Amino acid sequence: MQANTHETRRIDAGEERRRRRWQMIRRLLQAFGWGVMLLLAVVVVAYAGFVLVTGAFPAPLRPSLAVHRVAISAHIVGGIVALAIAPLQLVPQLRRRGAAAHRWLGRAAMLGMLVGGLGGLAMAAVAYGNLASRLGFGTMALGWLTTAWLGYWAIRAKQVAAHRRWMLRNIALTLAAVTLRLWLPLLLKVGHLPFDTAYPLVAWLCWVPNLLIAEAIIQRWPRPSGVRLAHSGPATM
Ligand code: HEM
């Protein structure tokens with residue numbers, strides 16, 4: 001009887017150790033993923049700032065962007081604000097300890113998305129390529145604005161869990177600015193596709209997989225109550 005109890009305790013202790021080790025590995029992977037996201041966001045913010053100031057857009061896009069200078073500039077300024085803030089909003093420590101900072105950064109990002117999203121929508125109508133690229137960017141711009149709006153209204157209604165879900169989808173769309181600039185060289189240099197074929201593809205590839213990944217993450221979140229979701233769940237995307 002006593003031997004059985006000892007045996008059970010040893011198994012429990014072993015399971016507890018395994019559980020802790022697994023938790024640590026998960027946290028390390030999340031921190032690594034977040035670090036990569038931050039680095040790529042910083043690179044794209046720097047790139048966007050550079051092309052905004054110099055006008056050195058990718059050659060095929062240059063003639064159209066030169067004509068729509070106001071819309072593209074508004075789009076880039078708003079996009080920079082949203083993309084620079086997005087990784088910070090995912091840090092749980094900042095959300096818990098700096099609730100005021102989270103709110104103010106959130107409002108600034110919303111404003112950025114409103115300006116950047118409306119500019120993006122205008123640019124989508126005249127995007128390089130064909131109907132596929134225009135529809136791809138147009139749907140993405142509408143998705144960006146809609147998820148921001150739904151996330152904002154969820155938190156105004158104190159629905160924390162719904163806010164987190166909409167904002168994760170929204171950040172997945174914000175990160176399309178990063179994934180677009182990973183997909184495009186991949187299709188051009190590795191896939192050897194001509195620009196005119198790659199560009200309409202990228203108008204969809206840059207955001208649809210992001211959204212699917214966000215959905216997969218959301219499915220794994222525990223959802224017994226709004227309060228639990230507010231204080232638990234993954235540290236980053
Ligand atoms: C997520 C929603 C977004 C949509 C729907 C969108 C849409 C567009 C569209 C339609 C264009 C014009 C492309 C063309 O004329 O063919 C464009 C260009 C551009 N966008 Fe966005 N965009 C989004 C997010 C962002 C963000 C967050 C940034 C942040 C930095 C950004 C930075 C730029 C830049 C720099 C250009 C100029 C083209 C280039 O240099 O690559 N965009 N975007």
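Read along the sequence, the protein chain follows the pattern α-α-α-α-α-α-α-α-α-α-α, where helices (H or I, at least four residues) and strands (E, at least two) are DSSP runs, numbered from the N terminus. The model is predicted, and local features need pLDDT of at least 70, side-chain atom pairs count only at pLDDT 80 or more, while totals for chains, interfaces and linings use all residues. Residues are numbered from 1 along each chain as its sequence is written.

**Exercise 1. Describe the protein chain as a whole.**

Solution. Begin with the secondary structure, which comes to 11 helices and zero strands. Next take the extent: along the principal axes, the C-alpha atoms fill a box of roughly 85 × 45 × 30 Å. Finally consider burial, where 28% of the 237 residues count as buried, a residue being buried if 20 or more other C-beta atoms, placed from the backbone, lie within 10 Å of its own.

**Exercise 2. Characterise the shell around the ligand.**

Solution. The shell is first listed by residue: there are 29 residues around the ligand, of which Ala48, Gly79, Gly120, Tyr128 and Ala177 come nearest, and a residue is near if its C-beta atom, placed from the backbone, lies within 6 Å of the molecule. The shell is then sorted by element, and the helices that each supply at least two residues include H1 (2–54), H3 (69–89) and H5 (99–125), with H3 giving the most, six residues. By class, the shell divides into 23 nonpolar, six polar and no charged residues, with Gly counted as polar.

**Exercise 3. Locate the largest nonpolar core and examine one of its members.**

Solution. A nonpolar core is a set of buried Ala, Val, Leu, Ile, Met, Phe, Trp, Tyr and Cys residues joined through C-beta atoms within 7 Å. The largest has 43 residues, of which Leu83 and Ala86 touch the most other members. H3 gives the most to this core, with nine residues. Leaving aside residues up to four places away in sequence, Ala86 touches Ala41, Ala109, Ile171, Thr174 and Leu175, contact requiring C-beta atoms, placed from the backbone, within 7 Å.

**Exercise 4. Analyse how H8 and H9 pack.**

Solution. For the geometry, the two helices pack at an angle of about 150°, with their axes 9 Å apart, the axes being lines fitted to C-alpha atoms over the stretch in contact and angles running from 0 to 180 degrees between N-to-C directions. For the residues, Leu180, Trp183, Leu184, Leu187 and Leu188 in H8 meet Phe195, Ala198, Leu201, Val202 and Leu205 in H9. By class, this contact has 10 nonpolar, no polar and no charged residues.

Key. Buried ≥ 20, exposed ≤ 12 C-beta atoms within 10 Å, placed from the backbone. Contact = placed C-beta atoms within 7 Å.
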